[in-house]
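Me: I would like to go through a protein model step by step, with questions and answers that a first-year student can follow. Could you show me the structure before we begin?

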Amino acid sequence: MDRSHAACPIALVVEDDAEVRNLATAVLEETDLDVIACDSAEAAISVLERSGGHVALLFADVRLGAGMDGIALATTVERRWPEVRVVLTSGGDARGVGGLPAQAVYMQKPWRALDVLVQAEHASVAARAA
C-alpha cells in the first residue's frame, strides 16, 4: 500500500540503542502510522519541525546518551506540539524518573509489543479526529 507522509500520521521513534530502536520500529510498522526512527532528541526535533503537524506519536527513551534526554524532548514536544501523544520508556521504575511531562505516558522496559500498539492506536484515532 502506498502511503505518503503528507497523508498518513507519523510515529516518531527516538532511541539511541539500535536494537531497541529497530524493535520499536518493527512493532509500529504494523500500525497505520508511518514510522520515522531517530537516534537522538535533536534529530527528532528536526523531524518535528519539518513534519510536526503529521506526527501523532512520539515513542522515546528517557536516556538518550549525549545531548538532550527524553524528558527534555517530551517537555519540548508537549509545549510546541501538544497534539502529539508522548510515550516515554526506560529500564528504570517510573518513581526514579523525575520530571515527566503531565501528558506523557510512561512505559517501563522491557515493554510489551501489545502495549506499544495500544498507544499507537490511541495516537492514530486522535490524529484522524483532528
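Here is a series of questions on the model, each with a reasoned answer.

Me: What kind of model is this, and what is the average pLDDT of the chain?

Reply: This is a predicted model, in which local features need pLDDT of at least 70 and side-chain atom pairs count only at pLDDT 80 or more, while totals for chains, interfaces and linings use all residues. Residues are numbered from 1 along each chain as its sequence is written, and side-chain values use heavy atoms, with hydrogens and water left out. The term pLDDT stands for the predictor's confidence in each residue, from 0 to 100. Of the residues, 92% score at least 70, and the chain averages a pLDDT of 90.

Me: Over which residues does pLDDT stay under 50?

Reply: For this stretch the model has eleven contacts beyond four places in sequence, where contact means heavy atoms within 4.5 Å. The stretch where pLDDT stays under 50 is residues 1-6.

Me: How many residues of strand 1 are buried?

Reply: Strands (E, at least two residues) and helices (H or I, at least four) are DSSP runs numbered from the N terminus, and buried means under 20% relative accessible area, with exposed over 50% and partly exposed in between (1.4 Å probe, protein chains only). From strand 1, Ile10, Leu12 and Val14 point one way and Ala11 and Val13 the other way, and all are buried. The strand is thus mostly covered, and the number of its buried residues is five of five.

Me: In which sense do strand 1 and strand 2 pair, and which handedness does the crossover between them have?

Reply: Two strands pair if DSSP finds at least two bridges between them, and strand 1 (residues 10-14) pairs with strand 2 over five bridges in the parallel sense. Within strand 2, the bridge partner of Leu12 is Ile36, and that of Val14 is Cys38. The chain crosses from strand 1 through helix 1 to strand 2, and this β-α-β crossover is right-handed.

Me: Why is strand 2 largely enclosed by the rest of the structure?

Reply: Strand 2 covers residues 34-38. It is largely enclosed because the number of its five residues that are buried is four.

Me: Which residue in strand 3 is the bridge partner of Val13?

Reply: Strand 1 also pairs with strand 3, in the parallel sense and over five bridges. Val13 belongs to this pairing through its bridge partner in strand 3, Phe59.

Me: How is the aromatic pair of the structure arranged, edge-to-face or stacked?

Reply: Rings of Phe, Tyr and Trp (its six-membered ring) pair if their centres lie within 6.5 Å, and planes under 30 degrees apart count as stacked, over 60 as edge-to-face and the rest as tilted. The structure holds one aromatic pair. Phe59 and Trp111 form this pair, with 5.5 Å centre to centre and 85° between the planes, so by the cut-off of over 60 the arrangement is edge-to-face.

Me: How many residues apart are Phe59 and Trp111 along the chain?

Reply: Phe59 is buried, and so is Trp111. Phe59 lies in strand 3, whereas Trp111 lies in the loop between strand 5 (105-108) and helix 4 (113-129), and the pair links distant parts of the chain, 52 residues apart.

Me: Which residues does Val27 contact beyond four places in sequence?

Reply: Val27 has its place in helix 1 (residues 18-28) and is buried, with a relative accessible area of 11%. Its C-alpha atom is separated by 7.3 Å from that of Leu117, which is 90 residues apart from it along the chain. Leaving aside neighbours within four places, Val27 is in contact with Trp111, Ala113, Val116 and Leu117.

Me: Which residue joins its side chain to that of Gln119 by a polar contact?

Reply: Gln119 lies in helix 4 and is buried, with a relative accessible area of 12%. A polar contact is a pair of N or O atoms within 3.5 Å; within protein, one must be able to donate a hydrogen and the other to accept it, and residues adjacent in sequence count only if both atoms are side-chain atoms. Such a contact, of 2.7 Å, joins the side chain of Gln119 to that of Arg85.

Definitions and conventions
Right-handed = clockwise from strand over helix to strand, strands pointing away.
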